[in-house]
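Welcome! Here are some exercises to work through with the model in view. Try each task before reading its solution.

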Amino acid sequence: MGGKMKSYRKELWFEVPSRRGFVNITPQVKKCLRESGIKEGFVLCNAMHITASVFINDDESGLHYDYEVWLEKLAPYGPVSQYKHNVGEDNADAHMKRQIMGREVVVAITDGKLDFGTWEQIFYGEFDGRRRKRVLVKIIGE
Ligand code: ZN
């Protein structure tokens, strides 16, 4: 401790070609951490859209398939007319899926590395894709 506090900010852009999808963004966040030069502190990573999530879990395709099925049971895409939000749009389900999967994650930085638990990886969760969307990475520390 006793060093000068540093601050780093970057926007990561994603364009998922399908309506829904999960992207492991851990490599991009690690690159941000290297660029920041910060060794001790915290990284905040959040979706900058209300129909997308950032969350931490396992990079395992069976689990991602299970999320898709589970989310579709909780907030099915159709019939589109079941949602009051869908006047002039069709993404009410995407807002709800985002709410369940979360807006952001915070990860501790220790000795210049993301201080993850076992199997933890950071994901971008897209629920209304086929357009360019952003994730904010903010790193604070020294
Ligand atoms: Zn909407």
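A residue counts as buried under 20% relative accessible area, as exposed over 50%, and as partly exposed in between. Keep in mind throughout that this is a predicted model.

**Exercise 1. Classify alanine 108 and describe its surroundings.**

Step 1. Start with the cut-offs: alanine 108 has a relative accessible area of 29%, so this residue is partly exposed.

Step 2. Now place alanine 108 in the fold: it belongs to strand β5, residues 104-110.

Step 3. Look for its neighbours, leaving aside residues up to four places away in sequence: alanine 108 touches Gly41, Phe42, Lys113, Leu114 and Asp115.

Step 4. Finally, compare sequence and space. Glutamine 82 is 26 residues from alanine 108 along the sequence, and their C-alpha atoms are 41 Å apart.

**Exercise 2. Describe the chain as a whole.**

Step 1. Count the elements: there are three helices and eight strands.

Step 2. Put them in order along the sequence, and the pattern reads β-β-α-β-β-α-α-β-β-β-β.

Step 3. Take the overall extent: the C-alpha trace spans about 60 × 30 × 20 Å along its principal axes.

Step 4. Add burial and contacts. The chain has 142 residues, of which 40% count as buried. Among contacts between residues at least 6 apart in sequence, 82% join residues at least 24 apart.

**Exercise 3. Work out how helices α2 and α3 pack together.**

Step 1. Find the two helices: α2 covers residues 61-74 and α3 covers residues 92-101. Their axes are 10 Å apart and form an angle of about 120°.

Step 2. Name the arrangement. Angles of 65 to 115 degrees count as roughly perpendicular and those over 145 as roughly antiparallel, so α2 is oblique to α3.

Step 3. Note the handedness: the crossing of α2 and α3 is right-handed.

Step 4. List the residues that meet. From α2 come Tyr67, Trp70, Leu71, Glu72 and Leu74, while α3 brings Lys97, Ile100 and Met101.

Step 5. Sort these contact residues by type: six are nonpolar, two are charged and none is polar.

**Exercise 4. How many residues of α3 are buried, and what covers them?**

Step 1. Count: seven of the ten residues of α3 are buried, which leaves this helix mostly covered.

Step 2. Identify them as Ala92, Asp93, Ala94, His95, Lys97, Arg98 and Met101.

Step 3. Look at the cover, which includes β3 (41-47), β4 (52-57) and α2.

Step 4. Move just past the helix: glycine 102 follows α3 and has a positive phi, near 95°.

**Exercise 5. Are arginine 19 and asparagine 91 buried or exposed, and what do they touch?**

Step 1. Locate both. Arginine 19 sits in the loop between β1 (6-14) and β2 (21-24), and asparagine 91 is in the loop between α2 and α3.

Step 2. Apply the cut-off of 20%. Arginine 19 has a relative accessible area of 14%, so it is buried. Asparagine 91 has 7% relative accessibility, so it is buried too.

Step 3. Collect the contacts, again without residues up to four places away in sequence. Those of arginine 19 include Tyr77, Asp90, Asn91, Glu126 and Asp128. Asparagine 91 touches Arg19, Thr51, His85, Asn86 and Asp128.

Step 4. Pick out the polar atoms. A polar atom of the arginine 19 side chain lies 3.0 Å from the backbone oxygen of aspartate 90. The side chains of asparagine 91 and aspartate 128 make a polar contact at 3.0 Å.

**Exercise 6. Find backbone angles that deserve a second look.**

Step 1. Recall the general pattern: most residues other than glycine have a negative phi, and most peptide bonds are trans.

Step 2. Check tryptophan 119, in the loop between β6 (113-114) and β7 (121-126). Its phi is positive, near 70°, although this residue is not a glycine. At 67% relative accessibility, tryptophan 119 counts as exposed.

Step 3. Go on to arginine 130, in the loop between β7 and β8 (133-141). Arginine 130 also has a positive phi, about 70°, without being a glycine.

Step 4. Turn to the peptide bonds. Glycine 78 and proline 79 are joined by a cis peptide bond, with omega about 0°. Proline 79 lies in the loop between α2 and α3.

Key:
Residues numbered from 1 in each chain as written. Predicted model: local features only at pLDDT ≥ 70, side-chain atom pairs only at ≥ 80, totals over all residues. Heavy atoms only, no water. Axes fitted to C-alpha atoms, helices over the stretch in contact; angles between N-to-C directions. Helix = DSSP H or I, 4+ residues; strand = E, 2+ residues; numbered from the N terminus. Parallel < 35°, antiparallel > 145°, perpendicular 65-115°, else oblique. Left-handed = near helix turned anticlockwise from the far one by under 90°. Contact = heavy atoms within 4.5 Å. Nonpolar A, V, L, I, M, F, W, Y, C, P; charged D, E, K, R; others polar. Buried < 20%, exposed > 50% of the residue type's maximum accessible area, 1.4 Å probe, protein only. Polar contact = N/O pair within 3.5 Å; in protein donor to acceptor, adjacent residues only side chain to side chain.
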